[in-house]
Amino acid sequence: MSKTFTKGKMVAVPSTSIIPERDIGSTPILECRHLGIDFGGLKAVDDFNLTIGRTEIAGLIGPNGAGKTTVFNLLTKVYQPTRGIIMLDGMDTHGKTTEQINRMGIARTFQNIRLFNNLTVEENVKVGLHNQTAYSTATGIFRLPQFWKQEKAAHESAMELLSIFDMQDLADYPAGSLPYGAQRRLEIVRALATNPSLLLLDEPAAGMNPSETAELMENIVKIRDTFQIAVLLIEHDMRLVMGICEGICVLNFGRVIAKGTSEEIQANPTVIEAYLGKKKKED
Amino acid sequence: MNFKNRNRSARTDMLTYLGVTVAFIILTVLKSTGGLNRSQTGLLVPICCYIVMAVSLNLTVGIMGELSLGHAGFMSVGAFSGIIAAMSLADIIPSPGIRLAIAMVVGAIMAGIVGFLVGIPVLRLRGDYLAIVTLAFGEILKELITCLIVGSDGKGLHIIFNITGSKTADDLHLLEGGRVIIKGAQGATGTQTIATFTAGFILIMVTLLIVQNMIRSRTGRAIMAIRDNRIAAESVGISITRYKMIAFVTSAALAGAAGALFGLNYSNLAAAKFDFNTSILVLVFVVLGGLGNIWGSIIATVVLYILPEALRSFATYRMLIYAIVLILVMLATNTAQMKTLLGKLIPGRKKEGADNE
């Protein structure tokens with residue numbers, strides 16, 4: 001099952017986006033068309049189009065306040081979009097709730113870490129495995145055989161997932177007591193536990209030092225290869241974005257200003273302007 | 001490492017069962033050998049009821065993390081439906097033990113249904129708003145029960161809903177040999193007191209089994225995940241409404257069973273007994289025992305329920321001293337030294353203490 005991908009050739013797809021060439025034969029995992037949301041009179045996100053391939057690692061970048069996290073909240077239906085459609089694996093997600101979206105295959109992490117602080121690391125992952133286990137409340141109360149069987153399985157999967165980041169030893173600590181970097185990693189593990197087909201990472205490298213970031217980059221690629229899933233990440237660390245993202249989408253003031261591979265983005269004058277401001281006109 | 005932790009929580013559960021059992025055996029022996037005087041014996045069943053109340057409220061407040069101020073409302077639903085069940089079945093089932101069991105099950109079911117109905121609007125709210133609305137529902141339940149006039153005879157149950165206040169028990173038109181069970185504001189009168197300490201012990205054990213096993217299952221993790229971070233819980237595919245409802249209804253049902261036992265311990269019982277003060281009293285047990293801490297709730301209930309009785313010799317100053325003791329206990333247990341000491345004495349408490357520093 002595990003396959004390793006190198007940064008592949010990007011090809012154009014109809015909805016004004018690009019996906020890796022290897023994914024062209026299958027339905028894109030995510031397709032946003034003319035997506036938009038208004039908060040009062042403010043168009044926080046407008047005419048957002050994006051297509052993500054099945055095994056693509058995509059990046060969403062932009063200056064502060066550009067609307068990146070809002071896009072994540074739209075994808076996971078924390079906000080219901082005002083306009084446009086989101087197709088997940090070819091299925092329209094209109095009217096779905098956050099919880100249903102997760103079951104359909106989107107898992108996410110949060111910019112400001114949201115762990116279950118009073119539960120242990122292992123329990124956090126087991127909460128992620130919630131819909132992977134299926135015994136009733138009564139079975140749990142009376143500890144019927146199904147309870148023991150599924151709890152054992154859940155424990156084993158939790159440990160296996162934690163081993164991605166080498167965190168098995170931390171299993172018993174309360175999640176809130178972990179150092180910052182470990183908390184970020186645990187959030188990723190918890191998201192993975194829900195068995196997603198698209199993983200949304202909101203600033204996964206925030207607060208990490210260069211060596212931790214390098215390790216994280218390797219792990220994101222490893223996760224994609226192992227689970228054969230797509231990853232969409234928001235990140236300010238350009239080394240990470242340019243290093244592992246195949247398709248990159250740049251957002252400014254709620255609108256897409258550029259889309260392309262890392263080379264294209266780096267050379268794009270609009271992007272440079274958005275980040276660094278306009279060049280002064282010379283007299 | 002991991003097994004140590006899992007064993008630790010399992011061990012805490014086991015110790016709780018063991019502690020309750022040992023206490024029950026000791027008290028039963030004392031009771032039969034005459035080691036307890038009459039007023040002390042009279043406290044046994046109410047203590048059992050309040051322990052169940054505290055443990056079940058802990059499920060809502062400590063585990064689900066929502067402040068409910070209407071827990072006594074569910075207790076009263078259980079109490080009066082339990083009394084009605086036990087009294088109307090008096091001729092059909094002569095065995096008081098079986099009737100008591102039926103009454104507790106009926107009380108639990110009725111309170112569970114009411115909990116579900118109350119939960120539909122209430123669980124849409126959060127925090128302060130939820131607390132205020134549960135308070136209101138508790139009072140509404142009390143007032144509704146005050147309007148009830150119930151009697152039973154050969155033809156079955158007769159129920160009048162005395163909203164206007166003009167009706168009396170005579171309006172039931174009972175047949176010869178029928179008996180009035182609940183007389184409106186007067187409450188239940190002439191109830192056979194069939195509640196026993198053993199039944200109380202069994203109810204506590206069942207409650208502990210349900211609550212502790214639930215906490216350590218998939219359901220409990222989901223409930224605690226919602227408490228810790230609602231948005232994250234939603235994002236991993238947990239249905240917020242469903243699991244909040246499970247916790248709330250379970251909590252209400254257990255309160256109902258406790259109510260039934262409580263109701264059948266007194267020959268006269270008015271709905272006014274289950275007012276806001278009772279809800280607060282139970283909440284005090286829960287908070288002082290530690291939120292989410294099951295055996296803490298049990299100990300706090302026992303100590304705080306006995307304390308006012310033990311302070312009878314202070315006569316007028318009784319409640320004043322009670323209040324001072326409450327404050328002192330809170331101050332004492334909240335210092336760093338005390339937490340370290342507790343951490344040393346009690347396994348599994350250390351982390352909690354260190355966290356709060």
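**Surface patches and cysteines in a predicted model**

User: Where in chain A does A:Asp169 lie?

Analyst: A:Asp169 sits in the loop of chain A between helix H5 (145-162) and helix H6 (180-193); helices are DSSP runs (H or I, at least four residues), numbered from the N terminus. The model is predicted, so local features need pLDDT of at least 70 and side-chain atom pairs count only at pLDDT 80 or more, whereas totals for chains, interfaces and linings use all residues. Residues are numbered from 1 along each chain as its sequence is written, chains are lettered from A in the order in which they are written, and side-chain values use heavy atoms, without hydrogens and water.

User: Why is A:Asp169 called exposed?

Analyst: Its relative accessible area is 66%. A:Asp169 is therefore exposed, as the class requires over 50% (buried is under 20%, partly exposed in between; 1.4 Å probe, protein chains only).

User: What makes B:Ile120 partly exposed?

Analyst: B:Ile120, in helix H4 (residues 96-122) of chain B, has 39% relative accessibility and therefore counts as partly exposed.

User: How do you know how many disulfides there are over all chains?

Analyst: A disulfide is a pair of cysteine sulfur atoms within 2.5 Å, and by this rule the count is zero over all chains. For A:Cys249, the nearest cysteine sulfur belongs to A:Cys32, 9.1 Å away, and A:Cys249 is in no disulfide. For B:Cys49, the nearest is that of B:Cys48, at 6.8 Å, and B:Cys49 is likewise in no disulfide.

User: Why are these residues, A:Cys249 and B:Cys49, called buried?

Analyst: A:Cys249 has a relative accessible area of 1% and is therefore buried. B:Cys49, at 0%, is therefore also buried.

Methods: Helices (H or I, at least four residues) and strands (E, at least two) are DSSP runs, numbered from the N terminus.
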